[in-house]
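This report goes through a protein model, with attention to its helices, its pockets and some points of its backbone. Please keep the sequence and the structure in view while reading.

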Amino acid sequence: MPQHNALRTAPAIRARQVMFPAGRPGVGALPEHAARTALGIWWADHSLRPRAAAVSCAGYAVLAGDPGATAPEDLAHLAHCYVVTPDRFLPVLGSAFVRIVPWERMIWAYDGPVPAVRPAPGVVVRPLTPADTPEVRALGPDLAWTATSWGGPPGLAASGHGWGAFRDRRLLSLACTLFAGSRYEDIAVATRPAERGWRLASACVRALCADITARGRVPSWSCSRDNHPSRHLAAKSGFRLIHTYVHYALGAPAAATRLPAAATRR
């Protein structure tokens, strides 16, 4: 029987380690982050002897194993996620969802350091603290995605994985770890639209990268091939391209697919 959030037994943990190897950059760090924070949704076709498994967090998911062990209804909880999976899963995904859109992506790894950036006068770049929760929340819904992998603004502010650019205590830009793995930390960057063009994001990224490298890890950067501003910021911040891949934007579940009653969110 398919299980959600059930990859906790010793055999299942070993299978998870085989299906989702540690030490991967980009979204490859998602399984480690989800296991560490307990914020993701785990699925397996069997709790003791899984042949197929998925983990999702913050709107992204990784799916691996044997598609023959997967029925379309097992995957309904991945609706509206961006999924990284081998091509062999495309037939079952095609049966499970009304839409699957391939999206070319790029992964960059930090190869810095690069010269420091001096922020605009009156701007202070510093680590986020729990007291900054209202300011992270005040970034609004368009930039809220940066905090979702930490459970929301309070989690991000208290995580020790974010840096912000402040003017008069108002958060203008931030850079944070989106997925923290054992070797790589994949980062996210967001700036208020009215504050773009002042090198605030660059200053936050450089500070965050110094913090990540001090922890003994490597910053990674993921973006769409068509996102030229993101690619430009990555390149000038000391990142080099290491990998390209395709993930799939999933639509709503197909009419014949329903969300299993066992699916729970943590």
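Cys 204 is buried, because its relative accessible area is 0% and a residue counts as buried when that area is under 20%. The model is a predicted one. Cys 204 belongs to helix H6. Leaving aside residues up to four places away in sequence, Cys 204 touches Val 125, Trp 163, Gly 164, Ala 165, Ser 173, Leu 174 and Ala 175. One of these, Ser 173, is 31 residues from Cys 204 in sequence, and the two C-alpha atoms are 7.4 Å apart in space.

**Helix H7**

His 232 offers a contrast. His 232 lies in helix H7 and counts as exposed, because its relative accessibility is 51% and the cut-off for exposed is over 50%. From C-alpha to C-alpha, His 232 and Pro 50 are 41 Å apart, with their positions 182 residues apart in sequence.

Which residues of H7 are buried? They are Ser 230, Leu 233 and Ala 234. Viewed down the axis of H7, these buried residues fall within an arc of 100°, so they line one face of the helix. An α-helix has 3.6 residues a turn, so residues three or four places apart point the same way. The face of H7 turned away from the buried side carries His 228, Pro 229 and His 232, which are exposed. On the other side, the buried residues of H7 pack against S6, S10, H6, S11 and S12.

Both ends of H7 have a feature to note. At the N-terminal end, Asn 227 acts as a cap: one of its side-chain oxygens lies 3.1 Å from the backbone nitrogen of Ser 230. After H7 comes Gly 238, with a positive phi near 100°.

**Helix H2**

Helix H2, residues 30-37, is mostly covered, with six of its eight residues buried. The buried ones are Leu 30, Pro 31, Glu 32, His 33, Ala 34 and Thr 37. They pack against strand S2 (41-44), strand S3 (52-57), S4 and S9.

Just after H2 comes Ala 38, with a positive phi of about 60°. Ala 38 sits in the loop between H2 and S2. With a relative accessible area of 27%, Ala 38 is partly exposed.

**The two pockets**

The table sets out the largest pocket and the second largest pocket.

| Pocket | Volume | Lining residues | Nonpolar | Polar | Charged |
|---|---|---|---|---|---|
| Largest | about 1,000 Å³ | 37 residues | 20 residues | 11 residues | six residues |
| Second largest | about 400 Å³ | 20 residues | 15 residues | three residues | two residues |

Which residues lie nearest the centre of the largest pocket? They are Trp 145, Val 189, Ala 190, Asn 227 and Ser 230. The elements that give two or more residues to this lining are strand S6 (100-110), strand S9 (170-180), strand S10 (184-191), helix H6 (200-214), strand S11 (218-224) and helix H7 (228-236). S10 has the largest share, with six residues. Two residues met earlier return here: Asn 227, the cap of H7, and Ser 230, a buried residue of H7, are among those nearest the centre of the largest pocket.

In the second largest pocket, the residues nearest the centre are Arg 24, Gly 28, Val 62, Val 84 and His 243. Strand S4 (60-65) and strand S12 (239-250) each supply at least two residues of the lining. S12 gives the most, with four residues.

**Backbone points**

Most residues other than glycine have a negative phi, and most peptide bonds are trans. Some places in the model depart from this pattern. Ala 38 is one of them, since its phi is positive, near 60°, and it is not a glycine. Arg 199 is likewise not a glycine, and its phi is positive at about 65°. Arg 199 is found in the loop between S10 and H6.

Where is the cis peptide bond that involves Pro 113? It joins Gly 112 to Pro 113, and omega is about 5°. Pro 113 is part of the loop between S6 and strand S7 (123-127).

Terms used:
Residues are numbered from 1 along each chain as its sequence is written. This is a predicted model: local features need pLDDT of at least 70, side-chain atom pairs count only at pLDDT 80 or more; totals for chains, interfaces and linings use all residues. Side-chain values use heavy atoms; hydrogens and water are left out. On a 1 Å grid over the protein atoms alone, a cavity is a set of points where a 1.4 Å probe fits but cannot get out, and a pocket is an open set with protein on both sides within 12 Å along at least five of seven lines; lining residues have an atom within 4 Å of a point. Grid points are joined across faces, edges and corners, and a volume is the space filled by probe spheres set on the points. Ala, Val, Leu, Ile, Met, Phe, Trp, Tyr, Cys and Pro count as nonpolar, Asp, Glu, Lys and Arg as charged, and the others, Gly among them, as polar. Buried means under 20% relative accessible area, exposed over 50%, partly exposed in between (1.4 Å probe, protein chains only). The arc is that of the directions from the helix axis to the C-beta atoms. Contact means heavy atoms within 4.5 Å. A polar contact is a pair of N or O atoms within 3.5 Å; within protein, one must be able to donate a hydrogen and the other to accept it, and residues adjacent in sequence count only if both atoms are side-chain atoms.
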